[in-house]
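Student: Hey, could you walk me through this protein? I'm new to it and don't know where to start.

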Amino acid sequence: MTRAGLPSAEEVAQLPEVCRTIAGPEWEDGNGHVNVQHFYGFHILAAEGALRRIGVDEEYRTLRRRGVFSMEQHLRFHDEVHVGEEISGHVRWLDRGEKVFHGISVVVNHSTGRIANTLEVVEGHVDLRSRRLAPFPEELAEAIDAEVARHRALTWQLPLAGAMGVRR
């Protein structure tokens, strides 16, 4: 563990790297570091990559008319990132209910070796025709459960918002 109860960058690397980039000059804000909008967009890229890995992709949305909607999010900043620094995105699956899942994406700053920020989410599985929550189909539920089980076996934790999660 590193400062503030965060895992090390090496520990987070136990999760699949979903995306990687170097922060460009257009990412800088008036305070001289990367602006929140760019972190948020990068977290979304990581989440989309993790969803594709389990089968929630364009084909799933088009053929099954199912998708995922954000229900709750908590973005937490742990360290700055500056232009020219290299970052990666990783996703940890935390829990799944009948119609929702709880997860957290992590941005690692490889230039400093620190966790830059995390985005904790509760996402709902929806029927894109009715725009209402819908139960996960069996194969998707099994894929999420497998990710949750793998990630629960990790020996480190991330700080969570506390109020978010799957309600049973």
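Tutor: Let's go through the rings, the empty spaces and a few single residues. Keep in mind that this is a predicted model.

Student: Okay, rings then. How many aromatic pairs are there in the whole structure?

Tutor: A search of the whole structure turns up 4 aromatic pairs. Take F39 and F77: their ring centres are 5.9 Å apart and the planes meet at 65°, so this pair is edge-to-face.

Student: Where do F39 and F77 lie?

Tutor: F39 belongs to helix α2, residues 36-54, and F77 to strand β2, residues 66-77, so the pair ties together parts that are 38 residues apart in sequence.

Student: And is F39 buried or exposed?

Tutor: F39 is buried, because its relative accessibility is 2% and the cut-off for buried is under 20%. F77 is partly exposed, with 45% relative accessible area.

Student: What about W93 and F101, how are their rings set?

Tutor: Their centres are 4.8 Å apart and the planes are at 50°, so that pair is tilted. W93 is buried at 3% relative accessibility, and F101 is buried too, at 6%. Together with F136, W93 and F101 form one aromatic cluster.

Student: Which residue lies over the face of W156?

Tutor: That's R92, at 4.5 Å from the ring centre of W156.

Student: I also spotted H102. Which strand is H102 in?

Tutor: H102 is in strand β4, which covers residues 100-109. H102 is buried, with a relative accessible area of 6%.

Student: So what does H102 touch?

Tutor: Leaving out residues up to four places away in sequence, H102 has contacts that include W93, L94 and D95, then E120, V121 and V122, and also L160 and M164. W93 is also the residue in the tilted pair with F101.

Student: Switching topic: how do people find empty space in a model anyway?

Tutor: A probe the size of a water molecule is rolled over the atoms, and that shows where empty space is left.

Student: Cool. What volume does the largest pocket have?

Tutor: About 410 Å³. The largest pocket has 23 lining residues, and I44, A47, E48, L51 and E123 are the ones nearest its centre.

Student: Which elements give two or more residues to that lining?

Tutor: For the largest pocket, they are α2, β2, β3 (86-96), β4 and β5 (114-127). The largest share comes from α2, with 8 residues.

Student: And how does the pocket lining split by class?

Tutor: The lining of the largest pocket has 13 nonpolar residues, 5 polar ones and 5 charged ones.

Student: How many cavities of 30 Å³ or more are there?

Tutor: The count is 1 cavity of 30 Å³ or more. The largest cavity has a volume of about 50 Å³.

Student: Which residues line the largest cavity?

Tutor: P16, V18, A50, R53, I54, V91, W93, E147 and H151. So W93 turns up here as well as in the aromatic cluster. At least two lining residues each come from α2, β3 and α4, the last being residues 138-152. The largest share of the cavity lining is 3 residues, from α2.

Student: What classes are the cavity lining residues?

Tutor: They divide into 6 nonpolar, 1 polar and 2 charged.

Student: Let's do some single residues. Where is V34?

Tutor: V34 is in the loop between β1 (17-22) and α2. At 5% relative accessibility, V34 counts as buried. Not counting residues up to four places away in sequence, V34 touches A23, W27, D29, F39, V81 and H82.

Student: And E10, is that buried or exposed?

Tutor: E10 is exposed, at 61% relative accessibility. E10 lies in helix α1, residues 9-12. From E10 to Q37 is 27 residues in sequence and 26 Å in space, C-alpha to C-alpha.

Student: Last one: which non-glycine residues have a positive phi?

Tutor: Among them are R65, with phi of about 55°, and R131, with phi near 65°. R65 is in the loop between α3 (58-64) and β2, and R65 is partly exposed at 32% relative accessible area. R131 is in the loop between β5 and β6 (132-133).

Key. Residues are numbered from 1 along each chain as its sequence is written. This is a predicted model: local features need pLDDT of at least 70, side-chain atom pairs count only at pLDDT 80 or more; totals for chains, interfaces and linings use all residues. Side-chain values use heavy atoms; hydrogens and water are left out. Rings of Phe, Tyr and Trp (its six-membered ring) pair if their centres lie within 6.5 Å; planes under 30 degrees apart count as stacked, over 60 as edge-to-face and the rest as tilted. Helices (H or I, at least four residues) and strands (E, at least two) are DSSP runs, numbered from the N terminus. Buried means under 20% relative accessible area, exposed over 50%, partly exposed in between (1.4 Å probe, protein chains only). A charge sits over a ring if NZ of Lys or CZ of Arg is within 6 Å of the ring centre and within 35 degrees of the ring normal. Contact means heavy atoms within 4.5 Å. On a 1 Å grid over the protein atoms alone, a cavity is a set of points where a 1.4 Å probe fits but cannot get out, and a pocket is an open set with protein on both sides within 12 Å along at least five of seven lines; lining residues have an atom within 4 Å of a point. Grid points are joined across faces, edges and corners, and a volume is the space filled by probe spheres set on the points. Ala, Val, Leu, Ile, Met, Phe, Trp, Tyr, Cys and Pro count as nonpolar, Asp, Glu, Lys and Arg as charged, and the others, Gly among them, as polar.
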